[in-house]
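This report looks at how one strand pairs with others and at the nonpolar core of the same chain. Please keep the sequence and the 3D view open while reading.

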Amino acid sequence: MIIFLAFGSLLGLGIWGMTETNIGLGLEDFFPSDNQASRWANVRTEDLASWSIAMNWGAINYTSPDTQMRMIKQFERIVESENVAQIDTKLLWMADFLVWTTRHCEENFSRENHALKECGSDQVFEDGTTCLALWTENIYKLREKVFEDLDTCTLFEGGICRPTNEMHPLDLEVVPDSSYNSWCPVIDNWSNEKFGFCIEKWREITGGSGNLVLLNETGTEVDGCVGEYNDDESVLVPLPYSRGPSMFAINLYSHDITVDVIEETRKICDDDAEIHCWMTGVPYNYWSQYTNIQDVFLEISSIAIVTGFGIESFRWKRNILLEKFCLEV
């Protein structure tokens, strides 16, 4: 009985100790406390507590309206995390490209050459169609654009979708009859050739983003500026890869919080089997080794305890049998 009580006490103590253990090693743990690098690492953890992160997508179906909306939804769900700094949806390259293809494009208001229009609806593909988006029901509840009034000042614009009363009159003529009061821009039924043409025009005019794979190292040289190049490189389509904007994971004051953020964001991004993406950045490159570490410790400890208990039980039973045998002899 004493052995079983001792076993239970030690087991409970071990489980309690595991819950009180700090996860992992931080940068400050790799330097002596009086070292300058240690001081910097402590300030970074205690005061700054942030790291740059990003989202990445592979060869998903970028020309599908459903994929476009779900890609934006993934981005907005990551940004909604309390440990990720707020940024506007339009900073995601797909969202920015879709806005450029609508009648709400603002490029024509600031163009250098007034003889050339710079919005998607002004770019004519070889088949006579333009890079003009459609509007569809906001079935995924994407964020809507925030519209300021004279009495309101907002820090962020929010999303790229719009309520019906903020739609362009020409768009209202072609949107489907629906009970929805929120609409999002999408592109649909575009060939890879047209998609590539419009993406290249968008990059050439706006500068583009998304770290898209280019077929040539540089664009054409800017007239009169040696060493300066236009953003008119050819883009590889179908797109094999794209990247979201730089974001910041914030308030990472402990290893536990950092690991929680990794697991939270990966559920949204990495664990999505249909629109798969993956998170990158220092937290994922370093602290990923500590995800599920307590589960691993618990599994190893359980195996060790069960194995030890089994061996000791066998030895205890064997000793009893030997004593019984000796008494009988």
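## Strand β1 and its partners

In this predicted model, asparagine 56 stands opposite arginine 243, a residue of strand β5. Strand β5, which covers residues 242-243, pairs with β1 in the antiparallel sense, and the two are held in register by 2 bridges.

Strand β1 also pairs with strand β7, residues 277-281, where 5 bridges join two strands that run antiparallel, and here tryptophan 57 has cysteine 277 as its bridge partner. A further antiparallel pairing, made through 3 bridges, links β1 to strand β6, residues 247-249, and within it the bridge partner of tryptophan 51 is alanine 249.

## How covered is β1?

Strand β1 spans residues 51-57 and is mostly covered, since 6 of its 7 residues are buried.

## The largest nonpolar core

Which residues touch the most other members of the largest nonpolar core? In this core of 55 residues, they are Met55, Trp57, Tyr62, Trp93, Phe97 and Met247. At least two residues of the core come from each of the strands β1, β4 (182-186), β6 and β7, and likewise from each of the helices α3 (65-79), α4 (93-100), α6 (192-206) and α7 (255-268).

## The surroundings of tryptophan 93

When residues up to four places away in sequence are not counted, tryptophan 93 touches Tyr62, Met71, Ile199, Trp202, Ser209, Gly210, Leu212, Leu239, Ser242 and Arg243. One of these contacts, Arg243, is the residue that stands opposite asparagine 56, which brings the reader back to the pairing of β1 with β5.

Key
Residues are numbered from 1 along each chain as its sequence is written. This is a predicted model: local features need pLDDT of at least 70, side-chain atom pairs count only at pLDDT 80 or more; totals for chains, interfaces and linings use all residues. Side-chain values use heavy atoms; hydrogens and water are left out. Buried means under 20% relative accessible area, exposed over 50%, partly exposed in between (1.4 Å probe, protein chains only). Helices (H or I, at least four residues) and strands (E, at least two) are DSSP runs, numbered from the N terminus. Two strands pair if DSSP finds at least two bridges between them. A nonpolar core is a set of buried Ala, Val, Leu, Ile, Met, Phe, Trp, Tyr and Cys residues joined through side-chain atoms within 4.5 Å. Contact means heavy atoms within 4.5 Å.
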